[in-house]
Amino acid sequence: MTNASSALWEIIGQSDQSPICAFDHEFKLIAFNRAHSDEFYRIYNYHVQIGDVFPDLFLPEQRPIIRGFMSRALSGEVFNVTEEFGDPDLSKPYWDIYYAPLRNADGTIIGAFHHAKDISARLRAEAALRAAEDALRQSQKMEAVGQLTGGVAHDFNNLLTIVKSAIEMLKLPTQKEGRRERYIGAIDEAVGRAAKLTQQLLAFARRQTLTPEPFDVRANLDSIEEMLKTLVGTRVAISRVLPDEPVCVRADKNQFDTALVNLVVNARDAMAGEGRVQINIEAVDSMPALRERPTIAGPFVAVTIVDTGTGIPPSDRERIFEPFYTTKPTGSGTGLGLSQVFGFARQSGGDIQVESEVGAGSRVTLYLPQIEAPASNEAVASVEDEIVTDMTPCVLVVEDNAEVAASTVDALDQLGFSTVLATNGLEGLREVNSAPERFDVVFSDVVMPGMTGIEMGKEIRRLHGGLPIVLASGYSHVLAAGGTDGFELIHKPYSIDQVSRVLRRAAAHRERSGFSPGHASA
């Protein structure tokens, strides 16, 4: 290299604002620029000298680290590291350091060098950005929680107002019989709406208890098509594009029907009750990347609802699945329809996609995992088993809530059952073990302290397989995660008529050794 070239490289090296130093195989400094000298003085209060053993200039706990990096470069490795170096009492920045070997003309490694950059400011800016993003997400989360809480409070307070007013009217001694019946009907309707509201919220949270079964999506659409036409009205035309072959899924059929109804009703409302809705069903090879999920290989069944409505603005598309968030005018929607579809789809292994253009309508696609068609594609009618009514079944009621237990036992006694009450799972198990032939059926809550209804039921089934178990639950994380384990489930709030029919049917199928049900009394 000529003297002119050497001088030029000296100028280039000294002009670089990032610290550069070179060292030999003994870790001694053989060259450095002004930036390296200045920065080392800033973080260690020492001016480096040619010939210094560089690692020895660091703090004791930092020396093995820098010596390790230098050794790697001297062995021929080229790499970058991010490390914190400096005296904490002075300054201890984060450095992005590039290492590479130094070679002579014949390629022999004669040393190595590093080129460092203080990235502390960048890391602080990134940390501040992350903190701001976290704060924004938390703010959005709190806004969503506030919206959810406000929506729940609004709807439940409306329902409670109906119930409270009806009860006060029923207390009037001069109330006419016709009005009494209306008030009782209003209370019953309000309870039903409250139960539906909690089910929609559980569906959004993916905490509902599903009863999955295989079914052909085409056949299911056929069974509710007339209802859909009634819901949308005569000014909305519904058309269908269906595959020639069955497309089957394993999902909760009732929840699927509810999801389809919600999507079609949303389409109707987006068109102000006049337009065209097309329902497409097809088998697809994959589910596209949606929200935080990547593309998932299929097969899937895609159920698409296409409308000719006003479309959804981009600012609303990511929020339309939030409970109680609605773009409809006040009083025209609860904001729970799409949240139910979203929760049902996710809990069933699928998802929902919304494509929309303002003024050109929307395209909403529900994806569910496809399964092989069952051996027989004929619809199987669900026929209620014959219920034996001339018997007095003995029911073990297991319920830890005193008020619920008292009302259930009282109602069952009035409906001709013989009842025994246990206040928790362990007590219920002891009652059965002490006299297993005494009971015709066990009716148990799921969530109880100690032993849950599921755990008690499994143990009873193991020890006394012929004794039917019927479970009741308003919500249980156990059921949401693992299902009912084969036990029949009644959702709270339940009607006592429903409970009576289910318990009588179960008692009628009680398997016994040597005698029939209806023998016992409490």
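How many cavities of 30 Å³ or more does a search of the whole structure find? In this predicted model, the search yields three such cavities. The volume of the largest cavity is about 130 Å³. Its lining comprises 13 residues, of which Phe40, Ile43, Trp95, His114 and Ala116 are the closest to the cavity centre.

Three secondary-structure elements, namely helix 2 (34-44), strand 4 (94-103) and strand 5 (109-118), each contribute at least two residues to the lining of the largest cavity. Helix 2 provides the largest share of this lining, with four residues. Classified by residue type, the lining of the largest cavity consists of 10 nonpolar, two polar and one charged residues.

Strands 4 and 5, which help to line the largest cavity, also belong to an open sheet of five strands with antiparallel pairing and the order 2-1-5-4-3. Strand 2 (29-32) and strand 3 (79-84) occupy the edges; each has a single partner strand, so one side of each remains without a neighbour in the sheet. On average, neighbouring strands of the sheet are turned by 25° against each other, direction ignored.

The pairing of strand 3 with strand 4 is antiparallel and involves six bridges. Valine 81 stands opposite isoleucine 97, a residue of strand 4. Helix 3 (residues 63-74) packs on the sheet, where this helix touches strand 1 (20-23), strand 3, strand 4 and strand 5. The direction of helix 3 makes about 175° with that of strand 3.

Terms used:
Residues are numbered from 1 along each chain as its sequence is written. This is a predicted model: local features need pLDDT of at least 70, side-chain atom pairs count only at pLDDT 80 or more; totals for chains, interfaces and linings use all residues. Side-chain values use heavy atoms; hydrogens and water are left out. On a 1 Å grid over the protein atoms alone, a cavity is a set of points where a 1.4 Å probe fits but cannot get out, and a pocket is an open set with protein on both sides within 12 Å along at least five of seven lines; lining residues have an atom within 4 Å of a point. Grid points are joined across faces, edges and corners, and a volume is the space filled by probe spheres set on the points. Ala, Val, Leu, Ile, Met, Phe, Trp, Tyr, Cys and Pro count as nonpolar, Asp, Glu, Lys and Arg as charged, and the others, Gly among them, as polar. Two strands pair if DSSP finds at least two bridges between them. Axes are lines fitted to C-alpha atoms, for helices over the stretch in contact, and angles run from 0 to 180 degrees between N-to-C directions. Contact means heavy atoms within 4.5 Å.
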